[in-house]
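Please have the sequence and the model open side by side, and follow the explanation from one pair of side chains outward to the rest of the chain.

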Amino acid sequence: HVLGVAKPTRDTADAATEAARRTAGTLGIEFEVIPVENTFGAFMDQLGPVFDGYEEDETEENVQARVRGTTLMALSNKFNALVLTPDNKSESTVGYCTLYGDMVGALAPLGDCLKGLVYDLATILDTDPDARFDGSPVPNRVVERPPSAELREDQTDQEDLPPYDVIDPIARGYIEDRLD
């Protein structure tokens, strides 16, 4: 009872969509590709006169994330289903997420996992001989490539954040150990 959804825009690498398709196939779940570029473009056309004279910044990235979130919520409403948010503890702690975008959803299965643990879990799934998958559920490309929300061309999380091996201990200390 799981539907995986790729929501590509001009900034989404074809390889990312194919990795998602491969993962869905390995997990045996349904998969849809719903391009959101036209919807994002309509928002930008609508906002264009108001934004005229301003440089592009995270505003446009957040609109794109919100279009993706709205798409998932429409599917949720139509099919009486829950949206699972991709939040993890590292990104939530530092606010590296978009309200009504990647934060949309009823449940965050990885919400209590630091980013390093998310990668560890992916590796375990791929190497556990007891895993019940026909093939590797997480393509190497997903684990090996720099993390990215693909909200602008060649964007990586590390352009905006310190490396996760720096963030994770800080997040752990702040959230779990209640340190200043």
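In this predicted model, the side chains of Asp160 and Arg152 meet in a salt bridge, with 3.5 Å from N to O. Asp160 counts as partly exposed at 42% relative accessibility, and Arg152 is likewise classed as partly exposed, at 24% relative accessibility. The pair does not stand alone, since salt bridges that share partners join Glu61, Arg152, Glu159 and Asp160 into one network. A search of the whole structure finds 10 salt bridges, and two others deserve a careful look.

Both of them involve Lys89. The side chains of Lys89 and Asp112 meet in a salt bridge in which N and O are 2.7 Å apart. Because Lys89 lies in helix α4 and Asp112 in the loop between α4 and α5, this pair ties together parts that are 23 residues apart in sequence. Glu176 also forms a salt bridge with Lys89, the closest N and O atoms being 2.7 Å apart. Here the pair links distant parts of the chain, with Glu176 in helix α7 and Lys89 in helix α4, 87 residues apart. Side chains of opposite charge can pair when their charged atoms come close. What is the exposure of the three partners, buried, partly exposed or exposed? Lys89 counts as buried, at 7% relative accessibility, whereas Asp112 is exposed, with a relative accessible area of 59%, and Glu176 is partly exposed, with a relative accessible area of 40%.

The network described above includes Glu61, and Glu61 is also one of the buried residues of α3, so the text can turn to that helix, where buried means under 20% relative accessible area. Helix α3 covers residues 58-79, has 22 residues, and reaches 32 Å from its first C-alpha to its last, close to the 32 Å expected at 1.5 Å a residue. Its buried residues include the charged or polar names Glu60, Glu61, Gln64, Arg68, Thr71 and Ser76, and also Val63, Ala65, Val67, Gly69, Leu72 and Leu75. An α-helix has 3.6 residues a turn, so residues three or four places apart point the same way. What covers the buried residues of α3 includes β1 (3-6) and α2 (37-51).

One residue of that covering helix can be placed in detail. Thr39 is found in helix α2 and is partly exposed, with a relative accessible area of 38%. The C-alpha atoms of Thr39 and Gly4, which are 35 residues apart along the chain, are separated by 20 Å.

The backbone just beyond α3 also calls for attention. Just after α3, Asn80 takes a positive phi of about 50 degrees, and this is a positive value in a residue other than glycine. Most residues other than glycine have a negative phi, and most peptide bonds are trans. Asn80 lies in the loop between α3 and α4 (89-94), and at 73% relative accessibility it counts as exposed. A second case is Arg178, whose phi is near 55 degrees, again a positive value in a residue other than glycine. Arg178 lies in the segment after α7 (164-176) and counts as exposed, at 70% relative accessibility.

On the surface, Leu110, Leu117, Leu121 and Ile124 form a nonpolar patch, with about 300 Å² of accessible area together. Of these residues, Leu117 is found in helix α5 (residues 115-127), and Leu117 is partly exposed, with a relative accessible area of 39%.

The cysteines remain to be considered. How many disulfides does a search of the whole structure find? The search finds 0 disulfides, and the distances show why. A disulfide is a covalent bond between the sulfur atoms of two cysteines, and the cut-off applied here is a pair of cysteine sulfur atoms within 2.5 Å. The sulfur of Cys97 is 15 Å from the closest cysteine sulfur, in Cys113, and is therefore too far away for a bond. Seen from the other side, the sulfur of Cys113 has its closest cysteine sulfur in Cys97, at 15 Å, which is again too far for a bond. Their surroundings can be given as well, for Cys97 counts as partly exposed at 23% relative accessibility, while Cys113 is buried, with a relative accessible area of 11%.

Technical notes: Residues are numbered from 1 along each chain as its sequence is written. This is a predicted model: local features need pLDDT of at least 70, side-chain atom pairs count only at pLDDT 80 or more; totals for chains, interfaces and linings use all residues. Side-chain values use heavy atoms; hydrogens and water are left out. Buried means under 20% relative accessible area, exposed over 50%, partly exposed in between (1.4 Å probe, protein chains only). Helices (H or I, at least four residues) and strands (E, at least two) are DSSP runs, numbered from the N terminus. The expected span of a helix is 1.5 Å times one less than its number of residues. Contact means heavy atoms within 4.5 Å. Patches are made of residues with over 30% relative accessible area and no salt bridge: like charges are joined within 9 Å, nonpolar side chains (Val, Leu, Ile, Met, Phe, Trp, Tyr) within 5 Å. Accessible areas come from the Shrake-Rupley method with a 1.4 Å probe; for residues, only the protein chains shown count as cover. A salt bridge is a side-chain nitrogen of Lys or Arg within 4 Å of a carboxyl oxygen of Asp or Glu.
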